[in-house]
Amino acid sequence: MKQIQLKRGKEESLQRFHPWVFSGAIQHIDDDVNEGDVVRVVTSSGSFIAVGHYQEGSIAVRVLSFSDVAIDDQYWASRLQSALSLRQSIGLVDAPQTNAYRLVHGEGDHLPGLIIDIYDKTAVMQAHSIGMHLQRKQIAAQLVKVMGERISHVYYKSETTLPYMEPENGFLYGGSDDNVAIENGLNFYVDWLRGQKTGFFVDQRENRALLERFAKGRKVLNMFCYTGGFSFYAMRGGAELVHSVDSSGKAVELTNRNVALNYPGDPRHKAFCEDAFKYLDSIKDNNQYDLIILDPPAFAKHRGALHNALKGYTRLNQKALQVIQPGGVLFTFSCSQVVTKDNFRNAVFTAAALARRKVRILHQLHQPADHPVNIYHPEGEYLKGLVLYVE
């Protein structure tokens with residue numbers, strides 16, 4: 001196996017089982033190493049320390065194992081079985097009311113660069129590293145064996161995560177047009193062909209269920225609605241009206257389809273294709289909402305964008321806090337990995353002060369258990385949320 005040698009003293013993070021090797025830590029790379037290759041990582045003295053996928057860039061190696069093992073069929077089957085066992089232990093696999101969940105969550109399942117979401121009989125696989133892309137067929141074959149009759153199709157979707165590779169989306173196994181899945185007894189369409197991520201945000205499953213408990217009799221505004229998940233949960237919770245807003249016409253169309261799938265012809269719901277900031281400005285003097293959801297896309301995808309992202313979160317939350325009715329409840333989120341819990345909380349604190357509203361925290365939210373955080377990789381804790389009561 002090809003080798004990468006570290007500079008003296010640069011093995012310390014790996015000794016603490018952090019799964020990344022940064023390019024600045026590398027002393028020497030074998031001449032024949034190509035992007036996506038499986039490589040052995042050794043210390044400056046030549047001692048083995050890890051095996052992983054090599055890739056050019058800041059994160060040069062994503063560690064697959066801290067044992068000197070072959071990355072073969074047996075390895076993939078073992079790691080996928082471990083991921084499945086975790087989901088079985090928390091009651092998500094074969095659950096009667098839910099057939100959508102995350103099976104593999106990158107570093108959280110010791111498979112950095114790999115995401116696999118299950119939607120009924122279809123597994124949607126997404127690569128975030130060249131190594132995982134190159135081994136996609138091998139992984140899919142072992143996935144089918146491990147999952148058995150639970151899946152009939154494996155769809156590969158990495159055009160947006162590896163655009164410079166120009167990978168082709170498509171089925172690696174099977175093939176189906178049936179794209180309806182179930183979450184907590186509610187139905188939704190999964191757009192794994194053109195949708196964001198793998199087609200649905202399964203990481204908000206438990207937070208949507210919590211919102212349902214607050215919805216009775218309320219007038220709800222779901223900003224950045226995407227597929228409308230929070231909207232149809234609010235309707236089941238007994239909301240008086242639900243308005244869904246997104247700047248994407250396709251998202252609004254999908255929201256309307258999902259609402260109609262669960263509540264056909266229900267007059268309580270309306271959807272609007274509009275910029276979030278403009279919409280909040282437009283209702284400033286004529287607002288009716290007492291339950292608002294802010295679930296924007298990541299404002300910061302790298303550390304260089306952190307400052308502007310925090311300003312964006314502050315501005316967005318300030319506008320929502322200025323318009324929400326007294327006694328209202330605000331669900332607000334950040335899915336930016338580089339934004340810490342303290343960063344986000346401080347941004348919302350600033351927004352509350354600027355809006356001059358009395359605000360109390362009811363819940364502090366996070367990603368669900370099928371999006372586990374590797375204890376040695378705290379960067380994996382990406383989803384932060386607050387539920388606020390506003391006087």
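Guide: A crossing of two helices is left-handed if the near helix is turned anticlockwise from the far one by less than a right angle, and right-handed if clockwise. The structure discussed here is a predicted model.

Visitor: Which handedness does the crossing of α2 and α4 have?

Guide: Helix α2 covers residues 73-89 and helix α4 covers residues 136-147. Their axes come within 9 Å. By the clockwise rule, the crossing of α2 and α4 is right-handed.

Visitor: Are α2 and α4 roughly parallel, roughly perpendicular or oblique to each other?

Guide: The two axes cross at roughly 50 degrees. Angles under 35 degrees count as roughly parallel, and 65 to 115 as roughly perpendicular. The crossing angle fits neither class, so α2 and α4 are oblique.

Visitor: How many residues apart in sequence are the parts that K2 and D37 tie together?

Guide: The side chains of K2 and D37 form a salt bridge, 2.9 Å from N to O. K2 belongs to strand β1 (residues 2-6), while D37 sits in the loop between β3 (26-29) and β4 (38-42), so the pair joins parts whose separation in sequence is 35 residues.

Visitor: Is K2 buried or partly exposed?

Guide: Buried means under 20% relative accessible area. Its partner D37 has 17% and is therefore buried. K2 has a relative accessible area of 25%, so K2 is partly exposed.

Visitor: Which residue forms a salt bridge with D370?

Guide: D370 lies in the loop between β19 and β20, and its partner is in helix α5, 165 residues apart. D370 is buried because its relative accessibility is 0%; the partner is buried too, with a relative accessible area of 4%. The closest N and O atoms are 2.9 Å apart, and the partner is R205.

Visitor: Which helix holds R208, the salt-bridge partner of E183?

Guide: The side chains of E183 and R208 meet at 2.9 Å, N to O. Both residues are buried. E183 is in strand β12 (residues 180-183), and 25 residues separate it from R208, which lies in helix α5 (residues 205-214).

Visitor: How many salt bridges does the count come to?

Guide: The rule asks for a side-chain nitrogen of Lys or Arg within 4 Å of a carboxyl oxygen of Asp or Glu. K2 and D37 are one of the pairs that meet it. The count comes to 14.

Visitor: What accessible area do F17, I375 and Y376 have together?

Guide: Y376 lies in the loop between β19 (359-366) and β20 (384-390). Y376 counts as partly exposed because its relative accessibility is 40%. With F17 and I375, Y376 forms a nonpolar surface patch, and their accessible area together is about 340 Å².

How values were computed:
Residues numbered from 1 in each chain as written. Predicted model: local features only at pLDDT ≥ 70, side-chain atom pairs only at ≥ 80, totals over all residues. Heavy atoms only, no water. Patch = residues over 30% accessible without salt bridge, like charges linked within 9 Å, V, L, I, M, F, W, Y side chains within 5 Å. Areas by Shrake-Rupley, 256 points an atom, 1.4 Å probe, with all protein chains shown as cover. Helix = DSSP H or I, 4+ residues; strand = E, 2+ residues; numbered from the N terminus. Buried < 20%, exposed > 50% of the residue type's maximum accessible area, 1.4 Å probe, protein only. Axes fitted to C-alpha atoms, helices over the stretch in contact; angles between N-to-C directions. Parallel < 35°, antiparallel > 145°, perpendicular 65-115°, else oblique.
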